[in-house]
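Trainee: Could you take one part of this model and look at it closely? I would like one connected account, working outward from a single residue.

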Amino acid sequence: MRKRSLSSKTRKRLTTFVAMLMRRTAACLPSFVAHTSSTRRILMTSATQNYDLKGIRIERIPSRDCVRRFKCGETSIDKWVSDKAFKHHDQDRSRVFCALKGESTAALGFYALSFSPILPTYLFGQHADRYQDGDAPFVYIEWLAVQRSIQSNGIGTVLLINALQRAYSVSRNVAIYGVALRALNDRTRAYYEGHGFVAREDSAFPLMILPIWTLRDLFEPRRG
Ligand SMILES: CC(C)(COP(=O)(O)OP(=O)(O)OC[C@H]1O[C@@H](n2cnc3c(N)ncnc32)[C@H](O)[C@@H]1OP(=O)(O)O)[C@@H](O)C(=O)NCCC(=O)NCCS
């Protein structure tokens with residue numbers, strides 16, 4: 001089967017964002033991202049966000065206090081993060097990463113990662129045939145959220161790209177088919193589609209997949 005690559009529109013959108021991060025956060029993105037030719041070209045574009053992303057760092061959740069007052073506006077997420085995020089991280093059930101800034105210990109946003117087996121019927125093309133003996137392995141983004149008062153400033157995308165980078169690093173050592181998540185609603189579905197995810201079912205909370213070849217497309221240097 002021919003592998004689907006990122007559409008040029010999606011790739012441009014993502015590389016624009018990566019470039020903007022580099023300018024505004026002096027971000028700790030790996031040098032191979034900085035050296036893709038499209039990223040170099042886009043380094044000249046101007047940023048549109050108002051919130052100053054400079055100084056944002058993404059770390060493993062340092063304590064429960066960091067997310068105790070976190071509110072993104074989605075009750076299920078707010079409840080999980082304040083009640084369970086640190087506990088699950090501590091128990092190796094999820095890895096939780098927070099965006100922090102300066103001396104503040106309050107998370108601006110967070111995401112949680114784990115592994116998940118996914119039924120082969122959700123895979124692309126003939127790929128189900130490869131997993132006749134079991135499910136396909138995925139890095140799963142359990143949650144991704146940003147403090148309500150600072151949403152739409154790029155922090156969610158900073159977090160998402162950081163999560164994808166981690167998934168890419170994992171894929172270099174442990175085989176995965178890609179990254180999966182479930183969209184909460186149509187708006188988040190559109191958000192993830194804009195970042196290369198493809199919905200694999202029609203449901204209220206559709207399973208969305210970003211396959212391994214899209215991760216490679218994003219993070220491996222292009223030749224020539
Ligand atoms: C979805 C979310 C993580 C995006 O992070 P962000 O920092 O706000 O987003 P970015 O600045 O990187 O990108 C902006 C885009 O995010 C999406 N977005 C912004 N606020 C959103 C919200 N409350 N709900 C859903 N999507 C939202 C929109 O697509 C927006 O683009 P637009 O301004 O053209 O509409 C964040 O808004 C959030 O925490 N929302 C509530 C919780 C949630 O829905 N989490 C996703 C679970 S699947």
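**A close look at Ala183**

Mentor: Ala183 is buried, because 20 other C-beta atoms lie within 10 Å and the cut-off for burial is 20 or more. Bear in mind that this is a predicted model. Ala183 sits in the loop between β5 and α7. Set aside its neighbours within four places in sequence. Ala183 is then in contact with Thr188, Arg189, Tyr192, Phe205, Pro206 and Met208. Take Met208 from that list. Ala183 and Met208 are 25 residues apart in sequence, yet their C-alpha atoms are 7.1 Å apart in space.

Now the strands. β5 covers residues 178-182, and β7 covers residues 207-211. The two run antiparallel and are joined by five bridges. One pairing to look up is Gly178, whose bridge partner in β7 is Pro211. Helix α8, residues 212-219, lies across β5 and β7. Its direction is at about 50° to β7.

Step back to the sheet. It is open and has seven strands, in the order β1-β2-β3-β4-β5-β7-β6. The pairing is mixed. β1 (56-60) and β6 (198-199) stand at the edges. Each has a single partner strand, so one side of each is left without a neighbour in the sheet. Helix α6 packs on this sheet. It touches β1, β2 (95-101), β3 (109-118), β4 (136-146) and β5. The direction of α6 makes about 160° with that of β4.

Two more pairings fill in the sheet. β2 and β3 are antiparallel, with five bridges. Within that pair, Arg95 has Leu113 in β3 as its bridge partner. β3 and β4 are also antiparallel, with ten bridges. Phe115 stands opposite Val139 in β4.

Look at α6 itself. It has 17 residues, 155-171. At 1.5 Å a residue, it should span 24 Å; its end C-alpha atoms are 24 Å apart, which agrees. The helix is mostly covered, with twelve of the 17 residues buried. Among them are Ile155, Gly156, Thr157, Val158 and Leu159. Further along, Ala167 and Tyr168 are buried as well. For the protein as a whole, 36% of the 224 residues count as buried.

Next, the ligand. There are 20 residues around it. Ala145, Gln151, Gly156, Thr157 and Tyr191 come nearest. Two of these names, Gly156 and Thr157, also appear among the buried residues of α6. β4, α6 and α7 (186-193) each supply at least two residues of the shell. α7 gives the most, with four residues. By type, the shell divides into ten nonpolar, eight polar and two charged residues.

This brings us back to the starting point. The loop holding Ala183 runs between β5 and α7, and α7 is the helix that gives the most to the ligand shell. On the strand side, β5 is bridged to β7 and touched by α6.

Last, the overall setting. The protein has eight helices and seven strands. Consider its contacts with a separation of 6 or more. Residues 24 or more positions apart account for 66% of them. Ala183 and Met208 give an example of such a separation, being 25 residues apart in sequence and in contact.

How values were computed:
Residues numbered from 1 in each chain as written. Predicted model: local features only at pLDDT ≥ 70, side-chain atom pairs only at ≥ 80, totals over all residues. Expected span 1.5 Å × (residues − 1). Contact = placed C-beta atoms within 7 Å. Pairing = 2+ DSSP bridges. Axes fitted to C-alpha atoms, helices over the stretch in contact; angles between N-to-C directions. Near = placed C-beta within 6 Å. Nonpolar A, V, L, I, M, F, W, Y, C, P; charged D, E, K, R; others polar.
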